[in-house]
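Please open the model in the viewer and keep the sequence at hand. The tour proceeds from one selection to the next.

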Amino acid sequence: SHAARVAAFHAAREAEHQAWLHARQMRVWDEADSVIIARIERVRADRIDYWGDTQRVTLRPLRTIKGRRYTNRFDLRYTEATSCGPMPGFDAIQGQVGDEFVIFLRGGRPSQRTVQQTTSTGAITDTRIAEAISAH
């Protein structure tokens, strides 16, 4: 039936998307100098040209699961608008106070410039990262 074909198509697309997310997670872990768990401490209103109202979040490192340990608080925000939405596409920017994220860093202490990716702790699929989280 048509409905079954549509459902199969959407299931295949979702599986491809999950595989892509998993591969990206493995790659950012491999490329990161440091990986930390950080919690959102503060959310403030922000605005970006051509997009409108957004938010800026302040995160505090809780623990380090790879590489050098950092303790400085840092802010993340959207810096530009694209046809695909505001960038960078960090899920942490849409989080709320108390939410925890895995933060992948390259090039020094946590900042807008050094964060390569953020992933909510519940969205970790790479077993290496999951094991590092439970080991710390």
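Begin by selecting lysine 66 and tryptophan 29: lysine 66 lies over the face of tryptophan 29, at 5.1 Å from the ring centre. The model is a predicted one. If the aromatic rings are then examined for pairing with one another, the count is 0 aromatic pairs.

Next, select arginine 73, which is placed in the loop between β2 (52–66) and β3 (74–76). Which residues does arginine 73 touch, leaving aside those up to four places away in sequence? They are Glu41, Thr58, Leu59, Arg60 and Pro61. Display the side chains of arginine 73 and glutamate 41, which are joined by a polar contact of 2.6 Å. Then add arginine 39 to the selection: its C-alpha atom is separated from that of arginine 73 by 9.6 Å, while the two residues are 34 residues apart along the chain.

Move now to tyrosine 50, in the loop between β1 (34–48) and β2. Is tyrosine 50 buried or exposed? Its relative accessibility is 83%, so tyrosine 50 counts as exposed, the cut-off for that class being over 50%. The backbone of tyrosine 50 also merits inspection, with a positive phi of about 70° although the residue is not a glycine.

Finally, select methionine 87 and proline 88. The peptide bond leading from methionine 87 to proline 88 is cis, and its omega is near -5°. Proline 88 itself is found in the loop between β5 (85–87) and β6 (100–105). As background to these last two stops, most residues other than glycine have a negative phi, and most peptide bonds are trans.

Key
Residues are numbered from 1 along each chain as its sequence is written. This is a predicted model: local features need pLDDT of at least 70, side-chain atom pairs count only at pLDDT 80 or more; totals for chains, interfaces and linings use all residues. Side-chain values use heavy atoms; hydrogens and water are left out. Helices (H or I, at least four residues) and strands (E, at least two) are DSSP runs, numbered from the N terminus. Contact means heavy atoms within 4.5 Å. A polar contact is a pair of N or O atoms within 3.5 Å; within protein, one must be able to donate a hydrogen and the other to accept it, and residues adjacent in sequence count only if both atoms are side-chain atoms. Rings of Phe, Tyr and Trp (its six-membered ring) pair if their centres lie within 6.5 Å; planes under 30 degrees apart count as stacked, over 60 as edge-to-face and the rest as tilted. A charge sits over a ring if NZ of Lys or CZ of Arg is within 6 Å of the ring centre and within 35 degrees of the ring normal. Buried means under 20% relative accessible area, exposed over 50%, partly exposed in between (1.4 Å probe, protein chains only).
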